[in-house]
Structure formats: structure tokens, C-alpha cells
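Student: I have a structure open and would like to learn how its labels are earned. Could we go through them together?

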Amino acid sequence: MTTSAIKKGTAHTNGTAPISNISPQIRAKETIITPAVAAGWLTKMTKNRRVSRHKVEQYANDMRNGRWTTCTAPIAFYEDGELADGQHRLWAIVESGAAQ
């Protein structure tokens, strides 16, 4: 999965732009996220929409069964470390027990 850091108040990237074209305010890297790392990152979420259990279960099932593919949308954090985007994917990693 790809992670990125953005300034609060800036638009989120949808992950489709080449790294070289991303604003200097955004840093991105591809990394394997373990369930333990995902759980830790979820503690950095202070305000986000309500979790859709159906979506988490769907993603987790795909991850457990080897059907999850690389996602073009990054897990995003604000500069202060707060989780900005990716909660459903992170919950799915925790639930599935499968690093992605």
C-alpha cells in the first residue's frame, strides 16, 4: 500500500498522479502494512466518517483470500500524524490478519 503525508486543508491525492507530479507538500512511499502497524495508525484517527462494517468485512475477506490488489489511493496522514484517509483498509488489515 502507499502512504502519504499531507498538510491539513489541502486536497487529498487520489493516488493516480505519478510521484514526481505530486505537490511538494505531499510525501509518498509504498510499504507493507502489518496488522500491528494498521492498529497503531488507527489510534491516530480523531475525526473520520463512521466505519462501514460491511466495507471492512468485504475488504478483509478479499485480503484473507488473496484477492486484494494494490490500491491506487494512499493511506494518508496529516503532517501532525493524524490519519486523514484509509480507515476502512486499515481496519480490514487488522481484521484479516494479513499484511498488505
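Tutor: Gladly! Strands β3 and β4 (residues 83-85) run antiparallel and are joined by 2 bridges. Please keep in mind that this is a predicted model, where local features need pLDDT of at least 70, side-chain atom pairs count only at pLDDT 80 or more, and totals for chains, interfaces and linings use all residues. Residues are numbered from 1 along each chain as its sequence is written, and side-chain values use heavy atoms, with hydrogens and water left out.

Student: What makes β3 and β4 a pair?

Tutor: Two strands pair if DSSP finds at least two bridges between them. There are 2 bridges joining β3 to β4, so the requirement is met. Phe77, for instance, has Leu83 as its bridge partner in β4. Between the two strands of this hairpin sit 4 residues, and Gly81 takes a positive phi near 95°. The names come from DSSP runs, numbered from the N terminus: helices are H or I with at least four residues, strands are E with at least two.

Student: Why is Leu83 called buried?

Tutor: Buried means under 20% relative accessible area, exposed over 50%, and partly exposed in between, using a 1.4 Å probe and protein chains only. Leu83 has a relative accessible area of 1%, so it is buried. Its contacts (heavy atoms within 4.5 Å) include Trp41, Leu42, Ile75 and Leu90, not counting residues up to four places away in sequence. Leu42 is 41 residues from Leu83 in sequence, yet their C-alpha atoms are 7.1 Å apart in space.

Student: And why is Arg64 in helix α2 called partly exposed?

Tutor: Its relative accessible area is 44%, so Arg64 falls in the partly exposed range. Arg64 touches Glu95 and Ser96, leaving out residues up to four places away in sequence.

Student: What makes His88 buried?

Tutor: His88 is at 10% relative accessibility, so it counts as buried. This residue lies in helix α3 and is in contact with Arg49, Lys55 and Tyr59, among others, leaving aside neighbours within four places in sequence.

Student: How do you know that α3 is largely enclosed?

Tutor: Count its buried residues: 7 of the 10 in α3 are buried, so the helix is largely enclosed by the rest of the structure. Those buried residues are Gln87, His88, Arg89, Leu90, Ala92, Ile93 and Ser96. What covers them includes α1, α2, β3 and β4. After α3 comes Gly97, with a positive phi near 75°.

Student: Why are Trp41 and Phe77 called an edge-to-face pair?

Tutor: Rings of Phe, Tyr and Trp (its six-membered ring) pair if their centres lie within 6.5 Å; planes under 30 degrees apart count as stacked, over 60 as edge-to-face and the rest as tilted. For Trp41 and Phe77 the centres are 5.0 Å apart and the planes 80°, so the pair earns its label. Trp41 is in helix α1 and Phe77 in strand β3, so the pair ties together parts that are 36 residues apart in sequence. Both residues are buried.

Student: Which residues touch the most other members of the largest nonpolar core?

Tutor: Ile33, Trp41, Ile75, Leu83 and Leu90 do, out of 14 residues in that core. The elements giving two or more residues to the core are α1 (35-42), α2 (53-64), β3 and α3 (87-96). Such a core is a set of buried Ala, Val, Leu, Ile, Met, Phe, Trp, Tyr and Cys residues joined through side-chain atoms within 4.5 Å.
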